[in-house]
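Welcome! Have a look at the structure below, and then take a short guided walk through it.

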Amino acid sequence: MPPAALSVHLAIGQAYAWSVFKPPLESSLGLSGTQSALPFQLGIVMLGLSAAFGGTLVERNGPRWAMFVSMACFSSGFLLSALGVATGQYWLVVLGYGVVGGIGLGIGYISPVSTLIKWFPDRPGMATGIAIMGFGGGALIASPWSAQMLASFGPSTTGIATTFLVHGLVYAAFMTMGVLLVRVPPEGWSPPKGRRPRTVKLRPLITTADVSARNAIRTPQFYCLWVVLCCNVTAGIGILEKAAPMITDFFTGTTAAVAAGAAAGFVALLSLANMAGRFVWSSTSDLIGRKNMYRVYLGAGALLYLVIALWGDASKPLFIISALGILSFYGGGFATVPAYLKDLFGTYQVGAIHGRLLTAWSTAGVLGPLIVNAIADAQKAAGRSGPELYTTSLFIMIGLLAVGFLANELIRPVHDRYHERPAQRLDPQATEKGQTV
(Lines give C-alpha, C1' and ligand atoms only; values in the text may rest on other atoms or scores of the structure.)
Protein backbone atom coordinates (compact mmCIF):
# COMPACT_ATOMS: atom_id res chain seq x y z
CA MET A 1 0.00 0.00 0.00
CA PRO A 2 2.75 2.58 0.69
CA PRO A 3 4.15 2.32 -2.89
CA ALA A 4 0.62 2.75 -4.27
CA ALA A 5 0.13 5.91 -2.22
CA LEU A 6 3.57 7.25 -3.04
CA SER A 7 3.19 6.73 -6.80
CA VAL A 8 0.29 9.19 -6.79
CA HIS A 9 1.55 11.63 -4.17
CA LEU A 10 5.06 11.90 -5.58
CA ALA A 11 3.49 12.86 -8.90
CA ILE A 12 0.96 15.41 -7.70
CA GLY A 13 3.57 16.80 -5.29
CA GLN A 14 5.09 18.44 -8.38
CA ALA A 15 2.89 21.40 -7.43
CA TYR A 16 5.51 22.40 -4.87
CA ALA A 17 8.06 22.87 -7.66
CA TRP A 18 5.96 25.51 -9.44
CA SER A 19 8.38 28.26 -8.40
CA VAL A 20 10.92 26.82 -10.88
CA PHE A 21 8.55 27.80 -13.74
CA LYS A 22 7.83 31.30 -12.46
CA PRO A 23 10.94 33.14 -13.79
CA PRO A 24 10.81 31.67 -17.34
CA LEU A 25 7.04 32.22 -17.56
CA GLU A 26 7.42 35.82 -16.39
CA SER A 27 10.18 36.57 -18.90
CA SER A 28 8.68 34.73 -21.89
CA LEU A 29 5.05 35.84 -21.43
CA GLY A 30 5.64 39.19 -19.71
CA LEU A 31 3.91 38.28 -16.44
CA SER A 32 4.23 39.77 -12.97
CA GLY A 33 5.06 37.66 -9.93
CA THR A 34 1.42 37.72 -8.85
CA GLN A 35 0.23 36.62 -12.31
CA SER A 36 2.74 33.78 -12.58
CA ALA A 37 1.56 32.45 -9.20
CA LEU A 38 -2.07 32.23 -10.38
CA PRO A 39 -1.98 28.64 -11.75
CA PHE A 40 -0.44 27.42 -8.48
CA GLN A 41 -2.93 29.37 -6.36
CA LEU A 42 -5.91 28.17 -8.37
CA GLY A 43 -4.58 24.60 -8.28
CA ILE A 44 -4.52 24.68 -4.48
CA VAL A 45 -8.02 26.21 -4.41
CA MET A 46 -9.33 23.43 -6.66
CA LEU A 47 -7.46 20.87 -4.55
CA GLY A 48 -9.46 21.87 -1.48
CA LEU A 49 -12.77 22.20 -3.31
CA SER A 50 -12.48 18.90 -5.18
CA ALA A 51 -11.40 17.13 -2.00
CA ALA A 52 -14.34 18.61 -0.12
CA PHE A 53 -16.96 17.76 -2.74
CA GLY A 54 -15.32 14.51 -3.83
CA GLY A 55 -14.51 13.11 -0.39
CA THR A 56 -17.77 11.19 -0.13
CA LEU A 57 -17.35 9.86 -3.69
CA VAL A 58 -13.87 8.62 -2.83
CA GLU A 59 -15.25 6.80 0.22
CA ARG A 60 -18.06 5.33 -1.88
CA ASN A 61 -16.15 4.35 -5.05
CA GLY A 62 -12.84 3.36 -3.48
CA PRO A 63 -9.20 4.41 -3.86
CA ARG A 64 -8.64 2.85 -7.30
CA TRP A 65 -11.39 4.94 -8.89
CA ALA A 66 -10.02 8.04 -7.15
CA MET A 67 -6.44 7.43 -8.28
CA PHE A 68 -7.55 6.93 -11.88
CA VAL A 69 -9.53 10.19 -11.88
CA SER A 70 -6.55 11.96 -10.33
CA MET A 71 -4.18 10.62 -12.98
CA ALA A 72 -6.49 11.62 -15.85
CA CYS A 73 -7.02 15.17 -14.56
CA PHE A 74 -3.47 15.88 -13.43
CA SER A 75 -1.88 14.71 -16.68
CA SER A 76 -4.48 16.48 -18.83
CA GLY A 77 -3.74 19.68 -16.94
CA PHE A 78 -0.12 19.57 -18.05
CA LEU A 79 -1.10 18.87 -21.66
CA LEU A 80 -3.47 21.84 -21.69
CA SER A 81 -0.76 24.01 -20.14
CA ALA A 82 1.68 22.94 -22.84
CA LEU A 83 -0.84 24.01 -25.49
CA GLY A 84 -1.39 27.31 -23.71
CA VAL A 85 2.28 28.23 -23.54
CA ALA A 86 2.94 27.11 -27.12
CA THR A 87 0.13 29.34 -28.43
CA GLY A 88 0.82 32.22 -26.02
CA GLN A 89 -2.59 31.81 -24.36
CA TYR A 90 -1.81 32.07 -20.66
CA TRP A 91 -5.46 31.52 -19.71
CA LEU A 92 -5.05 27.94 -20.96
CA VAL A 93 -2.18 27.45 -18.50
CA VAL A 94 -4.40 28.75 -15.71
CA LEU A 95 -7.27 26.51 -16.83
CA GLY A 96 -5.09 23.44 -17.39
CA TYR A 97 -2.72 23.51 -14.42
CA GLY A 98 -5.02 25.43 -12.08
CA VAL A 99 -8.50 24.01 -12.70
CA VAL A 100 -8.17 20.61 -14.39
CA GLY A 101 -4.87 19.74 -12.73
CA GLY A 102 -6.15 21.11 -9.41
CA ILE A 103 -9.05 18.65 -9.48
CA GLY A 104 -6.48 15.88 -9.97
CA LEU A 105 -4.54 17.22 -6.99
CA GLY A 106 -7.56 17.12 -4.68
CA ILE A 107 -8.88 13.68 -5.62
CA GLY A 108 -5.38 12.21 -5.65
CA TYR A 109 -4.46 13.77 -2.32
CA ILE A 110 -7.26 12.14 -0.34
CA SER A 111 -7.39 8.88 -2.35
CA PRO A 112 -5.02 6.77 -0.17
CA VAL A 113 -5.47 8.43 3.24
CA SER A 114 -8.49 6.62 4.68
CA THR A 115 -7.30 3.36 3.06
CA LEU A 116 -3.95 3.47 4.85
CA ILE A 117 -5.60 4.41 8.16
CA LYS A 118 -7.68 1.23 7.77
CA TRP A 119 -4.52 -0.81 7.14
CA PHE A 120 -2.75 0.78 10.14
CA PRO A 121 -5.47 1.59 12.72
CA ASP A 122 -2.93 1.21 15.53
CA ARG A 123 -0.49 3.74 13.95
CA PRO A 124 -2.66 6.45 12.36
CA GLY A 125 0.05 9.10 12.50
CA MET A 126 2.56 6.87 10.77
CA ALA A 127 -0.06 5.75 8.24
CA THR A 128 -1.02 9.28 7.22
CA GLY A 129 2.66 10.21 7.16
CA ILE A 130 3.30 7.44 4.63
CA ALA A 131 0.29 8.49 2.58
CA ILE A 132 1.11 12.18 2.46
CA MET A 133 4.91 12.37 2.61
CA GLY A 134 5.08 11.74 -1.13
CA PHE A 135 3.20 14.96 -1.81
CA GLY A 136 5.83 16.88 0.14
CA GLY A 137 8.64 15.07 -1.65
CA GLY A 138 7.27 15.51 -5.15
CA ALA A 139 9.30 18.66 -5.74
CA LEU A 140 12.45 16.80 -4.71
CA ILE A 141 12.12 15.02 -8.04
CA ALA A 142 10.28 17.66 -10.04
CA SER A 143 12.42 20.68 -9.18
CA PRO A 144 15.81 19.51 -10.53
CA TRP A 145 14.08 17.54 -13.30
CA SER A 146 12.12 20.61 -14.45
CA ALA A 147 15.19 22.86 -14.17
CA GLN A 148 17.22 20.43 -16.28
CA MET A 149 14.53 20.22 -18.96
CA LEU A 150 14.23 24.01 -19.08
CA ALA A 151 18.00 24.22 -19.45
CA SER A 152 17.94 21.63 -22.25
CA PHE A 153 14.84 22.82 -24.13
CA GLY A 154 15.36 26.50 -23.33
CA PRO A 155 13.34 28.98 -21.20
CA SER A 156 11.38 30.16 -24.27
CA THR A 157 7.71 29.38 -24.84
CA THR A 158 8.68 26.36 -26.97
CA GLY A 159 10.95 24.99 -24.24
CA ILE A 160 8.39 25.52 -21.48
CA ALA A 161 5.64 23.89 -23.58
CA THR A 162 7.85 20.85 -24.28
CA THR A 163 8.66 20.55 -20.57
CA PHE A 164 4.95 20.60 -19.68
CA LEU A 165 4.24 17.97 -22.35
CA VAL A 166 6.90 15.60 -20.98
CA HIS A 167 5.58 16.10 -17.45
CA GLY A 168 2.06 15.15 -18.48
CA LEU A 169 3.07 11.94 -20.24
CA VAL A 170 5.57 10.72 -17.64
CA TYR A 171 3.31 11.41 -14.67
CA ALA A 172 0.44 9.55 -16.37
CA ALA A 173 2.59 6.41 -16.63
CA PHE A 174 3.92 6.79 -13.07
CA MET A 175 0.50 7.29 -11.46
CA THR A 176 -0.94 4.28 -13.30
CA MET A 177 1.24 2.10 -11.05
CA GLY A 178 -0.73 3.28 -8.02
CA VAL A 179 -4.03 2.55 -9.76
CA LEU A 180 -2.92 -1.05 -10.33
CA LEU A 181 -1.42 -1.62 -6.86
CA VAL A 182 -3.96 -0.16 -4.43
CA ARG A 183 -6.20 -2.45 -2.36
CA VAL A 184 -8.62 -1.97 0.53
CA PRO A 185 -8.34 -4.31 3.54
CA PRO A 186 -10.82 -7.20 3.63
CA GLU A 187 -13.92 -6.97 5.80
CA GLY A 188 -13.08 -7.58 9.45
CA TRP A 189 -9.33 -7.19 8.93
CA SER A 190 -7.28 -6.22 12.00
CA PRO A 191 -3.53 -5.74 12.60
CA PRO A 192 -1.36 -8.76 13.47
CA LYS A 193 -1.39 -9.71 17.14
CA GLY A 194 2.21 -8.59 17.56
CA ARG A 195 1.25 -5.01 16.68
CA ARG A 196 -0.29 -3.33 19.70
CA PRO A 197 -1.64 0.22 19.76
CA ARG A 198 0.63 2.65 21.57
CA THR A 199 -1.15 4.02 24.61
CA VAL A 200 0.31 7.27 25.86
CA LYS A 201 -1.13 9.55 28.54
CA LEU A 202 -0.32 12.59 26.42
CA ARG A 203 -3.15 11.81 23.98
CA PRO A 204 -6.40 12.61 25.83
CA LEU A 205 -8.41 13.57 22.73
CA ILE A 206 -8.61 10.06 21.24
CA THR A 207 -12.19 8.78 20.91
CA THR A 208 -13.61 5.28 20.47
CA ALA A 209 -16.82 6.68 18.97
CA ASP A 210 -17.56 7.73 15.38
CA VAL A 211 -18.93 10.96 13.92
CA SER A 212 -20.34 11.30 10.40
CA ALA A 213 -19.04 13.91 7.99
CA ARG A 214 -22.43 15.64 8.17
CA ASN A 215 -22.21 15.97 11.95
CA ALA A 216 -18.50 16.75 12.04
CA ILE A 217 -18.98 20.10 10.30
CA ARG A 218 -21.41 21.06 13.06
CA THR A 219 -18.81 20.75 15.80
CA PRO A 220 -16.56 23.57 17.08
CA GLN A 221 -13.63 21.14 16.93
CA PHE A 222 -13.86 20.99 13.15
CA TYR A 223 -13.66 24.75 12.80
CA CYS A 224 -10.86 25.13 15.34
CA LEU A 225 -8.88 22.56 13.39
CA TRP A 226 -9.81 24.35 10.14
CA VAL A 227 -8.24 27.55 11.52
CA VAL A 228 -5.17 25.63 12.70
CA LEU A 229 -4.62 24.09 9.27
CA CYS A 230 -5.35 27.31 7.38
CA CYS A 231 -2.88 29.36 9.45
CA ASN A 232 -0.15 26.72 9.31
CA VAL A 233 -0.54 26.27 5.54
CA THR A 234 -0.75 29.99 4.77
CA ALA A 235 2.47 30.59 6.70
CA GLY A 236 4.30 27.88 4.77
CA ILE A 237 2.83 27.90 1.29
CA GLY A 238 3.54 31.55 0.56
CA ILE A 239 7.24 31.03 1.24
CA LEU A 240 7.35 27.72 -0.62
CA GLU A 241 5.70 29.13 -3.74
CA LYS A 242 8.27 31.97 -3.77
CA ALA A 243 11.24 29.89 -2.58
CA ALA A 244 13.53 30.13 -5.61
CA PRO A 245 13.29 33.92 -6.14
CA MET A 246 13.25 34.55 -2.36
CA ILE A 247 16.64 33.02 -1.60
CA THR A 248 18.03 34.81 -4.66
CA ASP A 249 16.68 38.16 -3.45
CA PHE A 250 17.88 37.67 0.13
CA PHE A 251 21.51 37.35 -0.93
CA THR A 252 21.59 39.41 -4.12
CA GLY A 253 24.49 41.84 -4.29
CA THR A 254 26.46 39.95 -1.62
CA THR A 255 29.41 37.58 -1.81
CA ALA A 256 26.94 34.74 -1.10
CA ALA A 257 24.79 35.42 -4.20
CA VAL A 258 22.60 32.49 -5.26
CA ALA A 259 22.49 31.38 -8.91
CA ALA A 260 19.38 29.97 -10.60
CA GLY A 261 20.65 26.39 -10.37
CA ALA A 262 21.39 26.76 -6.66
CA ALA A 263 17.94 28.28 -6.11
CA ALA A 264 16.36 25.21 -7.75
CA GLY A 265 18.49 23.06 -5.45
CA PHE A 266 17.15 25.04 -2.48
CA VAL A 267 13.59 24.24 -3.62
CA ALA A 268 14.55 20.56 -3.73
CA LEU A 269 15.98 20.79 -0.19
CA LEU A 270 12.75 22.36 1.03
CA SER A 271 10.88 19.51 -0.63
CA LEU A 272 13.05 16.99 1.21
CA ALA A 273 12.34 18.72 4.54
CA ASN A 274 8.64 18.87 3.66
CA MET A 275 8.64 15.16 2.86
CA ALA A 276 10.68 14.08 5.89
CA GLY A 277 8.57 16.20 8.23
CA ARG A 278 5.42 14.50 7.04
CA PHE A 279 6.65 11.10 8.13
CA VAL A 280 8.86 11.93 11.12
CA TRP A 281 6.59 14.45 12.86
CA SER A 282 3.34 12.60 12.15
CA SER A 283 4.89 9.39 13.51
CA THR A 284 6.06 11.36 16.56
CA SER A 285 2.46 12.47 17.10
CA ASP A 286 1.58 8.81 17.79
CA LEU A 287 3.81 9.15 20.86
CA ILE A 288 3.15 12.67 22.17
CA GLY A 289 -0.35 13.33 20.82
CA ARG A 290 -1.65 15.51 17.99
CA LYS A 291 -2.35 18.59 20.13
CA ASN A 292 1.20 18.66 21.50
CA MET A 293 2.59 18.12 18.03
CA TYR A 294 0.72 21.14 16.69
CA ARG A 295 2.05 23.20 19.57
CA VAL A 296 5.49 22.45 18.17
CA TYR A 297 4.50 23.18 14.56
CA LEU A 298 2.94 26.55 15.36
CA GLY A 299 5.10 27.76 18.25
CA ALA A 300 8.52 26.72 16.98
CA GLY A 301 7.52 27.70 13.44
CA ALA A 302 6.81 31.27 14.56
CA LEU A 303 10.24 31.47 16.19
CA LEU A 304 11.95 30.28 13.01
CA TYR A 305 10.13 32.91 10.96
CA LEU A 306 11.35 35.52 13.42
CA VAL A 307 14.93 34.32 12.92
CA ILE A 308 14.62 34.73 9.13
CA ALA A 309 12.97 38.14 9.44
CA LEU A 310 15.67 39.52 11.75
CA TRP A 311 18.86 37.70 10.75
CA GLY A 312 18.08 35.74 7.56
CA ASP A 313 20.34 37.80 5.30
CA ALA A 314 23.27 37.63 7.73
CA SER A 315 24.03 33.97 7.13
CA LYS A 316 23.06 31.66 4.30
CA PRO A 317 23.27 28.50 6.48
CA LEU A 318 21.01 30.17 9.10
CA PHE A 319 18.49 31.10 6.41
CA ILE A 320 18.49 27.60 4.91
CA ILE A 321 18.28 25.75 8.25
CA SER A 322 15.41 27.95 9.45
CA ALA A 323 13.55 27.49 6.16
CA LEU A 324 14.05 23.72 6.32
CA GLY A 325 12.62 23.66 9.85
CA ILE A 326 9.60 25.70 8.80
CA LEU A 327 8.89 23.44 5.83
CA SER A 328 9.26 20.30 7.95
CA PHE A 329 6.58 21.68 10.31
CA TYR A 330 4.46 22.71 7.34
CA GLY A 331 4.58 19.19 5.92
CA GLY A 332 4.12 17.59 9.31
CA GLY A 333 0.95 19.61 9.82
CA PHE A 334 -0.55 18.15 6.65
CA ALA A 335 0.35 14.58 7.56
CA THR A 336 -0.83 14.83 11.18
CA VAL A 337 -4.23 16.37 10.51
CA PRO A 338 -5.93 13.15 9.22
CA ALA A 339 -4.82 11.36 12.41
CA TYR A 340 -6.08 14.34 14.44
CA LEU A 341 -9.43 13.94 12.68
CA LYS A 342 -9.43 10.22 13.40
CA ASP A 343 -8.77 10.92 17.08
CA LEU A 344 -11.63 13.43 17.25
CA PHE A 345 -14.22 11.88 14.92
CA GLY A 346 -13.28 8.17 14.56
CA THR A 347 -12.64 6.23 11.35
CA TYR A 348 -16.23 6.03 10.10
CA GLN A 349 -16.05 8.79 7.46
CA VAL A 350 -12.62 10.22 8.14
CA GLY A 351 -11.82 10.50 4.42
CA ALA A 352 -14.90 12.61 3.73
CA ILE A 353 -14.22 14.78 6.81
CA HIS A 354 -10.61 15.21 5.68
CA GLY A 355 -11.81 16.35 2.27
CA ARG A 356 -14.05 18.99 3.82
CA LEU A 357 -11.24 20.21 6.06
CA LEU A 358 -9.00 20.74 3.04
CA THR A 359 -11.05 23.81 2.13
CA ALA A 360 -8.67 25.41 4.64
CA TRP A 361 -5.89 24.56 2.17
CA SER A 362 -7.87 26.23 -0.63
CA THR A 363 -8.11 29.41 1.42
CA ALA A 364 -4.44 29.26 2.36
CA GLY A 365 -3.49 28.58 -1.25
CA VAL A 366 -4.87 31.99 -2.15
CA LEU A 367 -3.80 33.90 0.97
CA GLY A 368 -0.19 32.70 1.24
CA PRO A 369 1.08 33.45 -2.28
CA LEU A 370 -1.10 36.58 -2.50
CA ILE A 371 0.39 38.04 0.68
CA VAL A 372 3.99 37.29 -0.28
CA ASN A 373 3.76 38.21 -3.98
CA ALA A 374 1.61 41.32 -3.57
CA ILE A 375 3.83 42.76 -0.83
CA ALA A 376 7.00 41.88 -2.77
CA ASP A 377 5.62 43.54 -5.94
CA ALA A 378 4.62 46.63 -3.95
CA GLN A 379 8.01 46.87 -2.28
CA LYS A 380 9.76 46.45 -5.60
CA ALA A 381 7.63 49.22 -7.11
CA ALA A 382 8.69 51.42 -4.18
CA GLY A 383 12.33 50.88 -5.11
CA ARG A 384 13.23 48.40 -2.39
CA SER A 385 15.16 45.20 -2.93
CA GLY A 386 16.69 42.21 -1.15
CA PRO A 387 15.21 41.07 2.19
CA GLU A 388 13.09 44.23 2.39
CA LEU A 389 10.78 42.66 -0.19
CA TYR A 390 9.73 40.00 2.33
CA THR A 391 10.09 41.42 5.87
CA THR A 392 6.45 42.51 6.17
CA SER A 393 5.24 39.14 4.85
CA LEU A 394 7.33 37.27 7.39
CA PHE A 395 5.85 39.16 10.32
CA ILE A 396 2.33 38.53 8.97
CA MET A 397 3.14 34.80 8.92
CA ILE A 398 4.27 34.98 12.57
CA GLY A 399 0.91 36.52 13.48
CA LEU A 400 -0.98 33.79 11.61
CA LEU A 401 0.92 31.05 13.43
CA ALA A 402 0.02 32.70 16.75
CA VAL A 403 -3.67 32.62 15.77
CA GLY A 404 -3.35 28.93 14.85
CA PHE A 405 -1.66 28.19 18.17
CA LEU A 406 -4.60 29.72 20.05
CA ALA A 407 -7.14 27.75 17.97
CA ASN A 408 -5.30 24.51 18.74
CA GLU A 409 -5.50 25.26 22.46
CA LEU A 410 -9.30 25.54 22.20
CA ILE A 411 -9.76 21.98 20.82
CA ARG A 412 -11.54 19.61 23.23
CA PRO A 413 -13.07 16.12 22.84
CA VAL A 414 -16.21 15.99 20.69
CA HIS A 415 -19.48 15.97 22.64
CA ASP A 416 -21.28 12.62 22.54
CA ARG A 417 -24.41 14.18 21.02
CA TYR A 418 -22.54 14.16 17.68
CA HIS A 419 -21.63 10.45 17.92
CA GLU A 420 -23.18 7.93 15.58
CA ARG A 421 -25.63 5.32 16.83
CA PRO A 422 -25.01 1.74 15.63
CA ALA A 423 -28.10 1.77 13.41
CA GLN A 424 -26.94 4.87 11.57
CA ARG A 425 -23.54 3.36 10.80
CA LEU A 426 -25.18 0.61 8.74
CA ASP A 427 -25.89 3.03 5.90
CA PRO A 428 -23.33 5.81 5.32
CA GLN A 429 -25.47 7.30 2.50
CA ALA A 430 -28.43 7.62 4.87
CA THR A 431 -26.21 9.34 7.42
CA GLU A 432 -24.98 11.76 4.75
CA LYS A 433 -28.60 12.68 4.00
CA GLY A 434 -29.49 13.06 7.68
CA GLN A 435 -31.83 10.06 7.59
CA THR A 436 -32.27 7.41 10.30
CA VAL A 437 -32.12 3.73 9.40
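The report that follows visits the core, some helix pairs, an enclosed helix, a few single residues and the cysteines.

## The core

Please keep in mind that this is a predicted model. A good place to begin is the largest nonpolar core, which has 123 residues. Which of its members touch the most other members? They are Tyr 109, Leu 225, Tyr 305, Tyr 330, Phe 334, Phe 345 and Trp 361. The helix that gives the most to this core is α15, spanning residues 316–345, with a contribution of 13 residues.

Tyr 109 is worth a closer look. Leaving out residues up to four places away in sequence, Tyr 109 touches His 9, Ile 12, Ile 132, Phe 135, Arg 278, Phe 334, His 354, Leu 358 and Trp 361. Two of these partners, Phe 334 and Trp 361, also appear among the core members that touch the most others.

## How helices pack

Two packed helices are described by the angle between their axes and the distance between the axes. Here are three pairs to find in the structure.

| Helix pair | Axis separation | Angle |
|---|---|---|
| α8 (residues 124–153) and α15 | within 8 Å | roughly 140° |
| α14 (residues 290–311) and α15 | within 9 Å | roughly 160° |
| α5 (residues 63–87) and α6 (residues 90–110) | 7 Å | about 170° |

Helix α15 takes part in two of the pairs in the table. With axes crossing at roughly 140°, α8 and α15 are oblique to each other. Their crossing is right-handed. On the α8 side, the contact is made by Pro 124, Gly 125, Thr 128, Gly 129 and Ile 132, while α15 brings Phe 334, Ala 335, Pro 338, Ala 339 and Lys 342. Ile 132 and Phe 334 are both familiar from the list of residues that Tyr 109 touches.

The axes of α14 and α15 cross at roughly 160°, and this makes α14 roughly antiparallel to α15. Here the crossing is left-handed. Helices α5 and α6 pack at about 170°, so they too are roughly antiparallel. Their crossing is left-handed.

## An enclosed helix

How many of the eight residues of helix α12 are buried? The count is seven, so α12 (residues 243–250) is largely enclosed by the rest of the structure. The buried residues are Ala 243, Ala 244, Pro 245, Met 246, Ile 247, Asp 249 and Phe 250. Their cover includes α11 (220–241), α13 (260–288), α14, α15, α17 (359–381) and α18 (391–409).

Two of these buried α12 residues also meet a residue from elsewhere in the chain, Ser 19. This serine lies in the loop between α1 (2–12) and α2 (22–29). Is Ser 19 buried or exposed? Ser 19 is buried, because its relative accessible area is 1%, under the 20% cut-off. Not counting residues up to four places away in sequence, Ser 19 touches Leu 240, Glu 241, Ala 243, Ala 244 and Val 267.

## Three more residues to find

Tyr 297 lies in helix α14 and is buried, at 0% relative accessibility. Setting aside neighbours within four places in sequence, Tyr 297 is in contact with Asn 232, Trp 281, Ser 282, Phe 329, Gly 332, Gly 333 and Thr 336. Gly 331 is 34 residues from Tyr 297 along the chain, and their C-alpha atoms are separated by 9.5 Å.

Ser 114 is found in helix α7 (residues 113–119). This residue is buried, with a relative accessible area of 6%. Apart from neighbours within four places in sequence, Ser 114 is in contact with Glu 59, Val 350 and Gly 351.

Gln 379 has its place in helix α17 and is buried too, with a relative accessible area of 16%. Beyond its neighbours within four places in sequence, Gln 379 is in contact with Arg 384, Glu 388, Leu 389 and Thr 392.

## The cysteines

How many disulfides are there? The count comes to zero. A disulfide is a covalent bond between the sulfur atoms of two cysteines. For Cys 230, the closest cysteine sulfur is in Cys 231, and at 5.7 Å that is too far for a bond. Cys 230 is buried, with a relative accessible area of 7%. Cys 73 also counts as buried, at 18% relative accessibility.

Key
Residues are numbered from 1 along each chain as its sequence is written. This is a predicted model: local features need pLDDT of at least 70, side-chain atom pairs count only at pLDDT 80 or more; totals for chains, interfaces and linings use all residues. Side-chain values use heavy atoms; hydrogens and water are left out. A nonpolar core is a set of buried Ala, Val, Leu, Ile, Met, Phe, Trp, Tyr and Cys residues joined through side-chain atoms within 4.5 Å. Buried means under 20% relative accessible area, exposed over 50%, partly exposed in between (1.4 Å probe, protein chains only). Helices (H or I, at least four residues) and strands (E, at least two) are DSSP runs, numbered from the N terminus. Contact means heavy atoms within 4.5 Å. A disulfide is a pair of cysteine sulfur atoms within 2.5 Å. Axes are lines fitted to C-alpha atoms, for helices over the stretch in contact, and angles run from 0 to 180 degrees between N-to-C directions. Angles under 35 degrees count as roughly parallel, over 145 as roughly antiparallel, 65 to 115 as roughly perpendicular and the rest as oblique. A crossing is left-handed if the near helix is turned anticlockwise from the far one by less than a right angle, and right-handed if clockwise.
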